[in-house]
Amino acid sequence: MTVDTAAIEKQRALLRDTYLRPADQRPASSARGLHHTALISSSVERTIWFYQDLLEFPLTELIENRDYPGSSHFFFDIGNGNLLAFFDFPGLDVGPYAEVLGGLHHVAISVDPERWEFLVRKLSDAGVEHVVHSGVSVYFRDPDGARIELIADPLGEMYGQHVL
């Protein structure tokens, strides 16, 4: 299959021209922020080890999931008032992780540059396969296959470009 990148860029430029407003002309968002993103865990304890012990995101709560009997809903602090949450579904065969249309591609979490370097070393020491991109992003998969990115760029920036 051949991808016509020139046509795609032309369409992207048309979309920018049509919909992207300069920052001083954008209305305020109706949202206050991302309350939490929820992923699925096959093992509560393994997920806690990975996110709290390895990545150093403190576990903030572990409660029953009101939507599925016996299921847990648990939360990690990822800074700035944001949470990364998980559900487990004991007894339910949810199958392996898969990237599908409308599904999760990756979760990008901003960390300070000094902390980023330290966490990349921790991933290496723990034997977690990862890829560093552009010297500020590291991509890896959590124990259940979800793709995670730790990015050293500040919130609202990506590779030196303001995106907010």
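In this predicted model, Y159 sits in the loop that runs between strand β9 (157-158) and strand β10 (161-162). Is Y159 buried, partly exposed or exposed? Its relative accessible area is 35%, and because the buried class ends under 20% while the exposed class begins over 50%, Y159 counts as partly exposed. Y159 also belongs to a nonpolar patch on the surface, which it forms with M158, V163 and L164, and these residues together have about 430 Å² of accessible area.

A second loop, between β3 (72-77) and β4 (83-88), holds N82. The side chain of N82 reaches the backbone oxygen of N80 at 3.2 Å. When neighbours within four places in sequence are left aside, N82 is in contact with L34, H35, F76 and D77.

The two loops can be set side by side as follows.

| Residue | Strand before the loop | Strand after the loop |
|---|---|---|
| Y159 | β9 (157-158) | β10 (161-162) |
| N82 | β3 (72-77) | β4 (83-88) |

Turning to a helix, α2 covers residues 44-54, and its buried residues include V44, T47, I48, F50, Y51 and L54. Just after α2 comes E56, which takes a positive phi of about 65°.

As for the wider region, the UniProt record, an unreviewed entry, lists residues 33-164 as "domain: VOC". Within the model, the span 33-164 is 18% helix and 35% strand, and the C-alpha atoms at its ends lie 13 Å apart.

How values were computed: Residues numbered from 1 in each chain as written. Predicted model: local features only at pLDDT ≥ 70, side-chain atom pairs only at ≥ 80, totals over all residues. Heavy atoms only, no water. UniProt positions renumbered as here; feature names shortened; annotations may be inferred. Helix = DSSP H or I, 4+ residues; strand = E, 2+ residues; numbered from the N terminus. Buried < 20%, exposed > 50% of the residue type's maximum accessible area, 1.4 Å probe, protein only. Patch = residues over 30% accessible without salt bridge, like charges linked within 9 Å, V, L, I, M, F, W, Y side chains within 5 Å. Areas by Shrake-Rupley, 256 points an atom, 1.4 Å probe, with all protein chains shown as cover. Salt bridge = Lys/Arg side-chain N within 4 Å of Asp/Glu carboxyl O. Polar contact = N/O pair within 3.5 Å; in protein donor to acceptor, adjacent residues only side chain to side chain. Contact = heavy atoms within 4.5 Å.
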